[in-house]
Every structure is written in structure tokens, then in C-alpha cells.
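Visitor: Could you take me through one part of this structure up close? I'm new to this, so please explain the terms as you go.

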Amino acid sequence: METAALIVVLVIALALFFDFTNGFHDTANAMATPIATGALKPKVAVLLAASLNLVGAFLSTEVSKTISHGIVREDQIEPLAFLPIIFAGLIGAITWNMLTWLLGLPSSSSHALFGGLIGATLVGASAAAIDFGMVLSKVVLPALIAPFTAGVIAFLVTRLAYAITRRYDNKPDGRDGFRWGQIFTSSLVALAHGTNDAQKTMGVITLALIMAGWQNSAHADPQLWVILACALTIALGTYMGGWRIIRTLGKGLTDVKPAQGFSAETSTAATILASSALGFALSTTQVASGSVIGSGLGRRGSKVRWRTVGRIAVGWVLTLPASAAVGAFAALLVVWLGPAGIVVDAVLAVAIIVGMFWRSRRNQVDSSNAMSEVADSGLAVKVKRNPPPTRRQRAILREERARQKAERAEERARQRAKERAKDAAPRTPRDASKER
Amino acid sequence: MGISIDWFAFVQVFAAALIGALLVVGFYAVGLRLLVRSGRAPVVAPAEFTDAITVITEKEARRAAKAAAKAAKKSPLTDRQKRLALVGAFGSFAFCAVAVLAGLALIVLR
């Protein structure tokens, strides 16, 4: 029982470390666009993001239930023997996150977590221990559909925002006012991030508590201390991660207009919140990226850079199987070496944490590693500096040209008439003497 | 053992997110439009100038504010119409806030 208690403590510590890195990495998702458009001062943005992540973690527990009571079939596993497997799954997730961070590859912390858990369960327990229906409907399909959903919605609302505020008389259109709105929409994204991402860690800790027999399996909700610990950790991670953004001040982001940023953030927040309510565990990075691409396309004269989109998509698709492979390897160590395997995994975890800390100290912070994949997604859309006119603007231009042409013709006719009148005027004796 | 997928849940998410986003963005944009109509075109300079975006300088912001004031002076609307537009603008912003709070309440009370 002491070993089980020790493993639960290790799982909680590692899960909270994962939660911290999640907040640290994802501050940019919520606050990249308001900082880039100048809607918020970076310090205020980071503080706001941290506070709202904290509040968001208390809003719902549906995603947590999906992880603690959905992915693993409890009747197919030996509870105490499953504890080291959860630990191995977390090692898989963190290792994959570390690798992608070092190599600068696009990735998703959430999918790394699911991949690690699934891979470790496949090797450490059996394929029957995984509810593939639940994995498909609550993890894999939402991962594929949600960025697309967010992109389509962002495209539509960007068009709507521009259409409503467009003016044809060159008078002020008031679009600057979207900067005020961005303060609220970016806050909503931070709230949604706390609602979805903090719950993933809550789910893992609750699963470990159930396996150790410290929580009734019929009671799926995470305990209050678990919610509080996860909320505080993700908020702290968000706050600490924010300082990296302050140092870079949004370098590397494409030209984001306030109306576009407002629409992208609304779409991201709406998609994540609606998904969280139904227990879909999403990657907030992918949803935010989908929204940024969609809203970019919503601007006139924009084009997709398919090569960049392809590079991002490959990174996303790779995350789940790659982290599953690492999780499976960590579980294999436990299966082969028994308790010694757990020690090897624990040493590996400490090495990764120390490595991450060391790397973050020596790594120079620049646009490539501070603004996350959302900035990369912005580069996937090419927006013309001078967009082509709308149909109505073209009609107005045509009318203007026709009016100018008519005016010129009228002027010419008037001058001709004047000359003719001058020629036809009777000659006076004075004119005749002038001619002589 | 068959795998059952609740496809309707995805439709629900899409519909809820689309309706929510359309309401918030649509009403906020209408609010801004009405604010401009009431002669109070917002000129909001960025909170901090960054080098990542097309920013306006303080001089440009002053010029924009002057242009907005000039356009407001030339407005053919009566004072009553302007007041109505202002009330409509704040009504639209309030509707946005209510829509967001209602969405959050639905999630919390679920």
C-alpha cells in the first residue's frame, strides 16, 4: 500500500507539472492577438489570462469525467497495477512535449497526454482496457473537427464584422472599437482554456485516486482540493509563461487587425466552451490556430499558404501516435523491470524536468519559441496590403468614373459652344483696325 | 463490439458555437456602427506599440480623432436621431454581454 501511495504522490506531482507547462505554453493562445493588435498591455494581458484560467477551472467538470471515467475500462484492469501505467503515460506525454519543444515542432499538450495514456495502457494493460468508442468520439474526432469548426465560424464572423462596419463614403468606420471588444474576447479565451485544459489534469489525478481506492469509482467528479490545485497550477504556469511574451512583444505575428482578432477570439472561445460543456477534450492550441487561419481568410484578398498549413497539420497528426509510442515505451519498462522500471521512469521524469528548466534558462527567447503555433498559423494566410474592392465599392467606383466622364464631356461641349459663339460674333470697326 | 459515435453532439457544438459567435460579433459590430452614427466614432490607439503590426502613431491617432469629429459635425442626423443611435449602440453592447453571461450560465448549470 505504501508503494501505491508513493506512486499516487508521484502521479499527482507529475500531473501538476504537466498542468504548469500547459499554462506556461498556452498563455500565447489567449493573449497573442490582443497583444499583437495593441488591445492590451502585455503585463495586463498576462495577469488577466492567469486570473481567468483560475476561474475557468471551476466552471465545469465534464472533460475531467471523460478522462477519469471514459477512456479506460475499469472492469478490464487491476486498479493498483494500473497506477504505474498512469505514471508511464504521463512520462510519455511530458517527454513528447519536451522533444517537440526542443525541435521546434508544432504539437498539442492535450493530445500528448491522451497519446501517452493510451500507449501506456495498450502495453501495460491490454487493448480491451481502452474504450475506443469513447476515445474516438471524445478525443480523436473532436481533435479533427474542432479546428475546422473554429475556422469556419471565424471566417463567417470576420466577414460579418467587416460587412456591418464597412463604409463607402470614406468617413470613420469605428473599427478601432474592436480593440475594446478584444479585452473581453481574449478574457473569454483564457476562461475557456482554464475550463478545458485544467480539467485534463484533474481527470488524470482523479483516475489515479480511484485506482488507489482513495475515491469511490461511482463518484466521477474531481475532489475540491484537486480542482483547486489544478486551477492554481495552471494559473501560475500562465503567469510565468507570460513573461516570455512580454520580452518578445508579439514579434512574428502577422498583420492582425482588431476586427479580425475580435472575431478569431470569439470563435475560439465559443468552440472551446461549447465543447467543454459536452465533455470533448480539445487542444486549445489547435482551435486557436484554426480560428486565426479562418479569420485571416475572412479578410478580402487573402490566400492560404498550403505548405505552412501542411507543416502544422502533420505536427498535429503526429502528436497522438508519437506520444503513445513514448508512453508505451515507459510502460514497457514497468512491465519488464517491475518496481525498478518505475524508478527508471521517475529518474527519466526528473531528468526531463531538469532538462526543460536548464534549456529554458539558456535558450534565447525569440518569436520562434515564444508565440506558439498560433503565430505560425497566422503565417498560413497571406493577406494583401491593399485588398480588392467589394462589389458595392466597384459599383460606386464605376458610377464615379461615369460621372467624371460626363462632367468632362459637358465641360468640353461648353467650351466648344463658347468658341463657336465667339466666332459667330459680328465684327466691330475696332476689330477690323486691330487686324490691319 | 460496435463503436457508437454521437454525431449529433458535434452538430450541437457547431450550432451552439456558431450562434454564440454570430450573436456576439454581430451585435458588437452593430453597436460600433450605431456609435459612429451617433457621432462618437471610437478612435482607440493601441495600448502599446509593437513592431508586429501596422500601428498608428500618436499624430495619426489625433488626425483620426479630428476626422471623426469633423464627420460627426457634418452628420445630417438630428440630435434626437443621434441620441437614439447612441442608446441602440449601448443596447447592442449590453446584449453581447448578456449573450456571453447566458452561455457561461448554461455551461455552469448543466
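Guide: Let's look at the place where two helices of chain A cross, and then step back to the rest of the chain.

First, some ground rules. This is a predicted model, in which local features need pLDDT of at least 70 and side-chain atom pairs count only at pLDDT 80 or more, while totals for chains, interfaces and linings use all residues. Residues are numbered from 1 along each chain as its sequence is written, and chains are lettered from A and ligands numbered from 1 in the order in which they are written.

Our pair is helix H2 (residues 42-56) and helix H7 (residues 178-211), both of chain A. Helices here are DSSP runs of H or I with at least four residues, strands are runs of E with at least two, and both are numbered from the N terminus. The axes of H2(A) and H7(A) come within 7 Å and cross at roughly 40°. An axis is a line fitted to C-alpha atoms, for helices over the stretch in contact, and angles run from 0 to 180 degrees between N-to-C directions. That angle makes H2(A) oblique to H7(A); under 35 degrees would be roughly parallel, over 145 roughly antiparallel, 65 to 115 roughly perpendicular, and the rest is oblique.

So who's touching whom? On H2(A), the contact residues include A:Ala45, A:Leu48 and A:Leu52, and on H7(A) they include A:Ser186, A:Ala190 and A:His193. Being in contact takes C-beta atoms, placed from the backbone, that lie within 7 Å. By class, this contact has 10 nonpolar, 7 polar and no charged residues. Nonpolar covers Ala, Val, Leu, Ile, Met, Phe, Trp, Tyr, Cys and Pro; charged covers Asp, Glu, Lys and Arg; the others, Gly among them, are polar.

Now zoom out. Chain A has 16 helices and 2 strands, and of its 436 residues, 55% count as buried. Buried means 20 or more other C-beta atoms, placed from the backbone, within 10 Å of a residue's own; exposed means 12 or fewer, and partly exposed is in between.

Two residues show those labels at work. A:Gln393 sits in helix H15 (residues 391-424) of chain A and is partly exposed because 14 other C-beta atoms lie within 10 Å. A:Trp336, in helix H11 (residues 306-337) of chain A, counts as exposed because it has 10 C-beta neighbours inside 10 Å.

Key:
Two residues are in contact if their C-beta atoms, placed from the backbone, lie within 7 Å.
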